[in-house]
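Please look over the model shown here before turning to the questions and answers about its cysteines, its fold and its surface.

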Amino acid sequence: MWRASILTIFPEMFPGPLGASLAGKALAAGLWTLEAVDIRAHATDKHRSVDDTPAGGGPGMVMRPDVLARAVDALAPAGDPRPRLVMSPRGVPLTQARVAALANGPGAVVLCGRFEGIDERLIEGRGFEELSIGDYVLSGGEIAAFVLLDACVRLLPGVMGKEASGLEESFSQGLLEYPQYTRPQVWEGRSIPAVLTGGDHAKVAAWRRAESERLTRARRPDLWAAHLAGAGKPKRPGKKPRRDG
Ligand code: SAH
């Protein structure tokens with residue numbers, strides 16, 4: 001069972017969007033578990049403070065290492081096999097490959113920052129890895145944690161309707177996904193590309209492959225370069241990376 005534990009000063013935000021749709025059904029079905037722990041419950045003063053002013057001066061507040069450590073140690077004592085992740089704009093960018101690796105593991109302990117961030121000694125001393133969901137700044141780590149968990153949970157066995165639907169989508173082959181169409185056959189004068197309704201599966205696969213390459217080249221030169229360099233191959237062993245037609 002995949003177990004997610006969240007450390008936050010806003011535990012009431014959870015499960016939030018993760019309680020609906022695919023992730024919510026999977027949660028209700030017991031395919032994964034979610035616990036959100038209130039960091040404030042581990043404060044010791046009467047104001048239940050979790051933050052203090054930054055050493056060296058400057059604006060805002062910083063989350064205290066002693067309070068956070070108590071929360072972490074209660075939630076995930078030494079020996080808990082789950083990776084410890086702290087959401088941070090300074091972290092390594094989250095990728096689909098990383099999401100897949102996390103989904104294959106035992107779960108995650110996720111620390112949500114607030115204010116200006118977290119005392120560096122807690123990150124070092126409790127072995128947290130910083131993960132970013134993109135080059136922009138959120139007001140807190142909770143929404144980033146939703147992003148991370150949603151991406152992981154949909155890959156858990158039994159969560160997606162069709163097991164196969166995770167294998168063909170954007171990033172899984174190091175390329176963006178090809179365009180998708182459905183009925184009606186003609187909509188506002190626009191037809192579905194004839195190749196997709198012609199019934200020739202090899203031609204469909206070749207068209208999709210070509211469209212994936214065209215879109216990746218045009219929109220994501222970074223992914224395209226990695227793909228050409230051979231770095232875009234899927235990590236799944238035994239999967240042939242480029243034969244699709
Ligand atoms: N002063 C920090 C930003 C703090 S934003 C800096 O400049 O790096 C407050 C919290 O929001 C962070 O501690 C982090 O947990 C979360 N957060 C903000 N942007 C994020 C992003 N792009 N990815 C992941 N978490 C983010």
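The questions below concern a predicted model, and they take up its cysteines before its overall architecture.

Q: How many disulfides does a search of the whole structure find?
A: A disulfide requires a pair of cysteine sulfur atoms within 2.5 Å. The sulfur of Cys-112 has its closest cysteine sulfur in Cys-152, at 14 Å, which is too far for a bond, and for the sulfur of Cys-152 the closest cysteine sulfur is in turn that of Cys-112. The number of disulfides found in the whole structure is therefore zero.

Q: Is Cys-152 buried or exposed?
A: A residue counts as buried when its relative accessible area is under 20%. The relative accessibility of Cys-152 is 1%, and so Cys-152 is classed as buried.

Q: What is the relative accessible area of Cys-112?
A: Cys-112, whose sulfur lies 14 Å from that of Cys-152, is a buried residue. The relative accessible area computed for Cys-112 is 0%.

Q: What share of the contacts between residues at least 6 apart in sequence joins residues at least 24 apart?
A: The protein chain has eight helices and nine strands, and its C-alpha trace spans about 70 × 40 × 40 Å along the principal axes. Among the contacts in the protein chain between residues at least 6 apart in sequence, the share that joins residues at least 24 apart is 73%.

Q: How much of the exposed area of the protein chain do carbon and sulfur atoms supply?
A: Of the 245 residues in the protein chain, 38% are buried. The area that the protein chain exposes is about 13,900 Å², and the part supplied by carbon and sulfur atoms is 55%.

Terms used:
Residues are numbered from 1 along each chain as its sequence is written. This is a predicted model: local features need pLDDT of at least 70, side-chain atom pairs count only at pLDDT 80 or more; totals for chains, interfaces and linings use all residues. Side-chain values use heavy atoms; hydrogens and water are left out. Buried means under 20% relative accessible area, exposed over 50%, partly exposed in between (1.4 Å probe, protein chains only). Helices (H or I, at least four residues) and strands (E, at least two) are DSSP runs, numbered from the N terminus. Contact means heavy atoms within 4.5 Å. Accessible areas come from the Shrake-Rupley method with a 1.4 Å probe; for residues, only the protein chains shown count as cover.
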